[in-house]
Amino acid sequence: FGYTKDEILRLRLEDLCADKSPENTYVHVLQLEREGKSVFEIDLLRKDGSTFPAEIYASVVDFGNEKLVFGIVRDITERVNADKE
């Protein structure tokens, strides 16, 4: 993404989404709340403003007395380009 660790820790998924419409992430947040996990594809923003297609694996985890979202982001640019060909 091009952010420092401190910068990225202050951001939310909505801050990184290329599509700024709230309903774009709302569906996935609802799925997380309902099922405790979600896998989806979305275009994300780098710090320099460029975008890339990503696949996100997200799940809710208990951490002490808090519920946190743990996510893995995978750049799927090569797969998307191969699918286009």
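**Entry 1: contacts along the chain**

I began with how far apart in sequence the touching residues are. Among contacts between residues at least 6 apart in sequence, 36% join residues at least 24 apart. I note here that this is a predicted model.

**Entry 2: the overall picture**

Next I looked up the elements and found four helices and three strands in the protein. Reading from the N terminus, I get the order α-α-α-β-β-β-α. I also took the extent of the C-alpha trace, which spans about 45 × 30 × 20 Å along its principal axes.

How many of the residues count as buried? I have 20% of the 85 residues down as buried. For the surface, I noted about 6400 Å² exposed by the protein, with carbon and sulfur atoms supplying 53% of it.

Then I turned to the charges. There are 12 positive and 18 negative ones, and their mean positions are 3 Å apart.

**Entry 3: the strands and their hairpins**

I went through the pairing of the strands in turn. S1 and S2 run antiparallel and are joined by nine bridges. Five residues lie between these two strands in their hairpin, where Gly49 takes a positive phi near 95°.

S2 covers residues 51-63 and S3 covers residues 66-75; these two also run antiparallel, with 10 bridges between them. Their hairpin has two residues between the strands, and I marked Gly64 in the turn for its positive phi of about 65°.

I wanted some individual bridge partners as well. Which residue of S2 does Val39 stand opposite? I found Tyr57 there. On the S3 side, Tyr57 stands opposite Ile72, which gave me a handy row to follow by eye: Val39 with Tyr57, then Tyr57 with Ile72. Phe40 has Ile56 as its bridge partner in S2. Phe63 has Glu66 as its bridge partner in S3.

A general reminder to myself: side chains in a regular strand alternate between the two faces of the sheet.

**Entry 4: Ser38**

I stopped next at Ser38, which lies in strand S1, residues 37-45. Is Ser38 buried or exposed? Ser38 counts as buried because its relative accessibility is 2%, and the cut-off for buried is under 20%.

I then checked what the Ser38 side chain meets, and found a polar contact of 2.9 Å with the side chain of Gln31. Setting aside neighbours within four places in sequence, I listed the contacts of Ser38 as His28, Gln31, Leu32, Ile56, Tyr57 and Ala58. So Gln31 turns up twice in my notes on Ser38, since it is in that contact list and also supplies the polar partner.

**Entry 5: Glu55**

Glu55 caught my eye as an acidic residue in strand S2. With a relative accessible area of 9%, Glu55 is buried.

Which side chains make polar contacts with that of Glu55? I found Tyr57 at 2.9 Å and Arg74 at 2.5 Å. Not counting residues up to four places away in sequence, Glu55 touches Val39, Phe40, Glu41, Ile72, Val73, Arg74, Ile76 and Arg79. Val39 and Ile72 were already in my notes, as the residues standing opposite Tyr57 in S1 and S3.

**Entry 6: Ile42 and Glu7**

Back in strand S1, I looked up Ile42. Ile42 is buried, at a relative accessible area of 7%. I took its separation from Phe63 too: the two are 21 residues apart in sequence, and their C-alpha atoms are 27 Å apart in space.

My last stop was Glu7, in helix H1, residues 5-9. Glu7 counts as partly exposed because its relative accessibility is 21%; the cut-off for buried is under 20%. How far is the C-alpha atom of Glu7 from that of Thr51? I have 18 Å for this pair, which is 44 residues apart along the chain.

Definitions and conventions:
Residues are numbered from 1 along each chain as its sequence is written. This is a predicted model: local features need pLDDT of at least 70, side-chain atom pairs count only at pLDDT 80 or more; totals for chains, interfaces and linings use all residues. Side-chain values use heavy atoms; hydrogens and water are left out. Buried means under 20% relative accessible area, exposed over 50%, partly exposed in between (1.4 Å probe, protein chains only). Contact means heavy atoms within 4.5 Å. Accessible areas come from the Shrake-Rupley method with a 1.4 Å probe; for residues, only the protein chains shown count as cover. The place of a charge is taken as NZ of Lys, CZ of Arg, CG of Asp or CD of Glu. A polar contact is a pair of N or O atoms within 3.5 Å; within protein, one must be able to donate a hydrogen and the other to accept it, and residues adjacent in sequence count only if both atoms are side-chain atoms. Two strands pair if DSSP finds at least two bridges between them.
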